[in-house]
Structure formats: structure tokens, C-alpha cells
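Biologist: I am new to this structure and would like a close look at a single part of it. Could you take me through one helix and its surroundings, step by step?

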Amino acid sequence: MTEPTPGSDEPADFMRGSVLICVTSLVAGVIIGFVGGAFRWCLQAADTIRIDFVDWAHRLPGPGWLVPAAAAAAGATLAALIVRWEPLAAGSGIQHVEAVFRGDARPPLIRLLPAKFIGGVLAIGSGLVLGREGPTVHMGAAIGAEAARRARLAEPEIRMMQTALGGAGLAVAFNAPIGGTLFTLEEVTKSFRVKTVLATVFAASVAVGCSRLILGNHPDFLVERVKAPALVWLPLFVVFGLLTGCLGSVYNRLVLWFLDHVTGACRVPTLAKAALIGAVIGLAMFVYPRAVGGGDPMTQLIVGGHQFALAIVIGYLVVRFFAGPLSYSAGVPGGLFAPLLAVGALWGVLFVGVFNAVWPADATSLAIPMALVGMAAFFGATVRAPVTGMVLVIEMTATTSVAVPMMAATAAAVLAAYLVRSPPIYDSLRERMPAESTPGDGCESADR
């Protein structure tokens, strides 16, 4: 269904079609709101249980480190078994949503929803450093496509609806309705067509409203009032952004390197690879319990003003920087966005700590602002959706006082990523997707 030109004879049909699309997006938005809210609630409960579980393992006699290693390995293996049942459930799924919109793949079926939900809870809940947004976006896309089919919309509208509901899924994942809408328009469609905007806005607003009935009506991160940094520090934020762009380029290449060398090792069974990766993450969890999983508890500590020794910050950053790409190579349900935010926050704290060690005056007041800026800048450098990244961080923290340095640093990060010729991560992942008509044993389709 195309939008009529002024003076055409089709305004009535266009209006009826637009109303049907909006109603369908509202209904589908309610569903992904409650499903995504339940998914997030399960992951929050898993975070609490995992911390208590590791604390209990530390008190065990003998090699207590074997317990979290075995538990994480079991969770990853079970998630990999679900992927064997539904191969499309592997990885983030955002690149699949983009491929569907471009006409390079078929819209997902509704059977994807339970696979992503259960597999995501098992994988992320067991400690793998993966994000909740990938499964939530993909579940939203499956719900949107199914709703469009039942509303008997045309094939282009089905693709558009799965895209719009994917944005609603991101909105639920980050409790950020504007950010979810911008994700659809800036990252996926790269356009602002009226029907797509309306469908996404309706779905995202209703979805976030429903999810808040489960999770509570408050921002994701509780941040005390942050004073706007003095403008004299703006060049420092630009330098930070340029370095962040280079770091984001390294991170993207690390993700692809692990996909090539881990999932590309076809002689090792898929389930064995998932179990081994889970065991490695379990060992890291035993040493740094808060360094694994989606990363929200760690991010909350940072933006909440918790003070870390510089050595601890370096340890957390190194673990998450390598554990995220390693976890993604396991081929289980889970995304990249949420781990990016935690890495960006840690990188911001580390940058201020190093700068403060060489600067004659005290610059510790920049720690929280730099952490917030790091979240947006690192997201922008890796995903190449700078406006979405900034809006997501602002909505998740309900903080606007660092908007100016955030814009400067994010723009510098994106510029640096372009200069070092680092493609957006989801473009790279989409190009590595196998043709849907090509059968495989899991090795050919590993790069999800």
C-alpha cells in the first residue's frame, strides 16, 4: 500500500488502510509490552539469584569455582538446544529484522517468540554477557508480523509492521519509547514514512506503558542530579569521543573475529562450543560476579556514584570487553546493545581516572558525566545510530544535563569510526547472514 499523492482518487482507501495499521500496531504493542516486561522481570530475578548463587559457591569447601562454571555451561547448552529447534533464535535478531525490511529475508513466524524468550532467559540469566534487547526486538518483530498476517495486510505492510514492532521491542527492553521509535527510523528503515512512524509510535508507547505495569513506572537507572560539566571541559569530551570511536571499532572487529574463529570451528559440535563458552563465563563470574550478564547492576553502580578502585574498573572492563564478543559467538539468543552500555560506562570511568592521575586539579566530578557520555558514544561508534544512542541514555537515566558534551563526544566517536573504516556492527552481521534457502548443520549459519 503506497501513500497517495495529493489529488489522487485513493484517499479513502489510504485512510482505511492507515487506521487498520494503527489499530493492529496498538494490539501488537500491548502483547509485546507484557511479553517484553515479563522477559525483563525474569532476567532481573536471574541477576539476583546469580549473585546469591556465586556468593554461596564461594563458601563451599573445595573447588567452588566448578559450581558457577557448570551452571553457566548448562544454561548455555540448554539455550543452544532451543536454537537447534528454532535456528532463527540464535544471536541478536536485529540484523534479521533489518534484512526483512529490505526484502532479503522472510518475516519471522510466531514460533520464534517462545524460542527467544526461553532461550534468552537461559543464556543471559546463566551469566553470558549478552543483551536483552536483541531477543525483545525479535519477539516484537514476530508478534508484529503475526498480527499483520491476521489483519490480512499486504506483504509490504507485514514487513513494515514487523519492523515497527521490533522498535517497540527495543523500547520495552530499555524502557525508552522515543529511543525505540528512533531505532526503527534511524537504524532499520533510515526513513520517516508516515505510516511507519505512526505504527512505531503507537506500538512503542503502548508497549512501554504495559511493561511498566510489570516493572514499575520509573527510569531504568536511578541517577542523582548531575551538574552540567563546565564548557571548558568540552574539548576533553571530544578527545574522549575520538578515542571511544577507535575502541568501538576494535570491539566490532572482536565480535566478528570470535564469530570467525569460534562458530567457524565446524569440527567442534555446536552444543560443546556453547557449553565451553558458558564454562569460561562461569569462571569469570566466580571472580567478578557483577562483570557478567546483561550488565545493568554494574551500570547502576557506576551512574549511581559508587566508587571503584582503578584496578577494579580495569578488571571489569577487560572482562566485559572480551566476554561480550565471546558470549555472542556461542550462537544462543542474546543481543549486543546492553553490554555496549556497560562497557561505555566503565570506559568513561577509566578515562576520568587516568586523566585525573595526570591532571593537576581534581577532576573526579567528571566521572558520572563521562560514564553517561561513554554509554552513548560507545553505542554510536559500534551501531552507528548516534541519535538513538543519545536518546536511549537520556531516557534510561532521566538526565539531560550532559546533553551537550554527549552530543559532541558521540559525534566525535562516529567520526572516528568512519575514519578507521569500521562498518556498523549490524551491517556486518546482516551481510554474514546465510541465504534462508540454504540448509546447514549450524556451522554454515553460525554467524548470526
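Modeller: What follows is a walk around helix α16, the helices beside it and the loops that join them, with a short look at another part at the end. Please keep in mind throughout that this is a predicted model.

We can begin with the helix itself. Helix α16 is made up of 17 residues, and from its first C-alpha to its last it reaches 24 Å, which is close to the 24 Å expected at 1.5 Å a residue. The buried residues along α16 are P405, M406, A409, T410, A412, A413, V414, A416 and A417, and these buried residues pack against three helices, namely α9 (234-263), α14 (367-383) and α15.

Of these partners, α15 deserves a careful description. Two packed helices are described by the angle between their axes and the distance between the axes. For helix α15 (residues 386-397) and helix α16 (residues 403-419), the angle is about 145 degrees and the axes lie 10 Å apart, while the crossing of the two is right-handed. On the α15 side the contact is made by P386, M390, V393 and I394, and on the α16 side by M406, M407, T410 and V414. Sorted by class, the residues in this contact of α15 with α16 are 7 nonpolar and 1 polar, with no charged residues.

Helix α15 also packs with α14, and this second pairing can be read in the manner of the first. The axes of α14 and α15 come within 8 Å and cross at roughly 150 degrees, and the two helices are therefore roughly antiparallel to each other. Their crossing, too, is right-handed. From α14 the contact draws on L372, M375, A376, F379 and G380, and from α15 on P386, T388, G389, M390, L392, V393 and T397. By class, the contact of α14 with α15 holds 8 nonpolar and 4 polar residues, and no charged ones.

The loops complete this part of the picture. In the loop between α14 and α15 lies R384, whose phi is near 65 degrees, a positive value in a residue other than glycine. R384 is buried, because its relative accessible area is 10% and the cut-off for buried is under 20%. Beyond the other end of our helix, α16 is followed by R421, which likewise has a positive phi, near 60 degrees. The loop between α16 and α17 (425-431) contains S422, and with a relative accessible area of 4% S422 is buried. Setting aside its neighbours within four places in sequence, S422 is in contact with S249, N252, R384 and A417, so that this list brings back both R384 of the loop between α14 and α15 and A417, one of the buried residues of α16.

For a comparison elsewhere in the chain, we may turn to R152, which is placed in the loop between α5 and α6 (155-174). R152 has a positive phi of about 60 degrees although it is not a glycine, but whereas R384 is buried, R152 counts as exposed at 78% relative accessibility. Within helix α5 (residues 133-150) itself we find M139, which is buried with a relative accessible area of 0%. Apart from neighbours within four places in sequence, M139 is in contact with I32, V35, F39, L113, K116 and F117.

How values were computed. Residues numbered from 1 in each chain as written. Predicted model: local features only at pLDDT ≥ 70, side-chain atom pairs only at ≥ 80, totals over all residues. Heavy atoms only, no water. Axes fitted to C-alpha atoms, helices over the stretch in contact; angles between N-to-C directions. Helix = DSSP H or I, 4+ residues; strand = E, 2+ residues; numbered from the N terminus. Left-handed = near helix turned anticlockwise from the far one by under 90°. Contact = heavy atoms within 4.5 Å. Nonpolar A, V, L, I, M, F, W, Y, C, P; charged D, E, K, R; others polar. Expected span 1.5 Å × (residues − 1). Buried < 20%, exposed > 50% of the residue type's maximum accessible area, 1.4 Å probe, protein only. Parallel < 35°, antiparallel > 145°, perpendicular 65-115°, else oblique.
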